[in-house]
Amino acid sequence: SGGGMDRLQLSAALPIRRGYLEAIYESNAFQEDDLLSVRLNAVAPLGLPRPLSGAPYSLRVAMAGAEPRQADGSVSFRLSRRSELSLAAAWNKGVGAPVLSIGLATRQPLARVQARVQSQADGTPQTSVFAEGAVAWGPGAGLQTLPNTGAGSGGVTGHVFRDLDGDGAFGPGDEPVPGAEVLVAGLRTAADERGEYALWEVPPYEITAVRVDTLKLGDPGWVPSRPEFLLRPTPHVFTRIDVALVRTRELAGGITSPAGDLPIGGITVELVEAATGEVRTVATFSDGEFYVSRIRPGEYDLRVSQRSLDALGARAEPASVRLVVPAEGDDPLVEAPPIRIYRNR
């Protein structure tokens, strides 16, 4: 007001064992005196009897000079995996009797329930009960109760399967992958015995990546048809993302020099995926042969890198070879026709 400073607050925190100690200085134009508060936030030692063991607690005292003006404290006890008890007290000089409160929070199958009884400054009690939960349904996910949260969130569901017929869609001829782990927005879940997975509490509206943890698949010869799937979740709706695993193939080929006047070892060969433009490179062995592993199904262009041709002063015939890596079949090897290199005239 009038360009002056209405409020100033300075704080400093010091880490201590099992918590931290904080000092806060506050000057407020609307308060008579400046306040200096000291707050302790810590966790009780684990060796104490339950429920004291590991209980978080907080204590604060505020002084105006040498006179105490405010004090408050709280502690929480975990009664079970589903229930937590909290106690709190607060005192303000000149307001009246201290305010005391006791709260119980419990997670039930259908909702998270919080009940609190609190005394007022005049000594009369006030009781409040709050319940929060949600129910979500989606194809493949069924009906799910969400006792912790869920309102405003989105969900992702689908199948993880081996795409045996190569059509990219889950069907009778495909093989589900039980136990496949799916990662969505930092959350992780595992597919059930039918290869189905479902995740809720995914932040809506934000572009989110859906991935399969390939390290947990067991067989490295099967990989997702795409490294990740991007979606923008809609609140209160399950978005379906089926993850098809495809069998990878091995590519073998060779570079030859019909005139025998050019070295054929150490030449860089490029494999370009037609759909994405992604380039993989490999160097030929001393006999001109090369080998590329774990190639997803699709169309590829195979060529000798221009840098290698420039270094040799050579040209390649053909300049590029179009290859089709099949999605079906059990043959793990795809053989590329030979590429010949000639010295430039």
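Me: What makes 5 residues of the lining of the second largest pocket charged?
Reply: Asp, Glu, Lys and Arg count as charged. In this predicted model, the lining includes Glu273, Glu278, Arg280, Arg294 and Arg296. Those residue types fit the rule, so they fall in the charged class. The full division is 4 nonpolar, 2 polar and 5 charged.

Me: Why are Thr248 and Ser293 in that lining called polar?
Reply: Thr and Ser are on neither the nonpolar nor the charged list, so they count as polar. The lining has 2 polar residues.

Me: Which elements give two or more residues to the lining of the second largest pocket?
Reply: β23 (268–273) and β25 (289–295) do. The largest share, 3 residues, comes from β25. The pocket has a volume of about 190 Å³.

Me: How is the lining of the largest pocket divided?
Reply: Into 5 nonpolar, 3 polar and 5 charged residues. The lining has 13 residues, and Ser225, Arg226, Glu273, Thr276 and Arg296 lie nearest the pocket's centre. The volume is about 250 Å³.

Me: Why is Gln9 called partly exposed?
Reply: Its relative accessible area is 43%. Buried means under 20% and exposed means over 50%. The value for Gln9 lies in between, so Gln9 is partly exposed.

Me: How do you know that Gln9 is in contact with Ile24, Tyr25 and Glu26?
Reply: Contact means heavy atoms within 4.5 Å. Ile24, Tyr25 and Glu26 meet that cut-off with Gln9, leaving aside neighbours within four places in sequence. Gln9 is in strand β1 (residues 7–16). The C-alpha atoms of Gln9 and Asn28 are separated by 8.5 Å.

Key: Residues are numbered from 1 along each chain as its sequence is written. This is a predicted model: local features need pLDDT of at least 70, side-chain atom pairs count only at pLDDT 80 or more; totals for chains, interfaces and linings use all residues. Side-chain values use heavy atoms; hydrogens and water are left out. On a 1 Å grid over the protein atoms alone, a cavity is a set of points where a 1.4 Å probe fits but cannot get out, and a pocket is an open set with protein on both sides within 12 Å along at least five of seven lines; lining residues have an atom within 4 Å of a point. Grid points are joined across faces, edges and corners, and a volume is the space filled by probe spheres set on the points. Helices (H or I, at least four residues) and strands (E, at least two) are DSSP runs, numbered from the N terminus. Buried means under 20% relative accessible area, exposed over 50%, partly exposed in between (1.4 Å probe, protein chains only).
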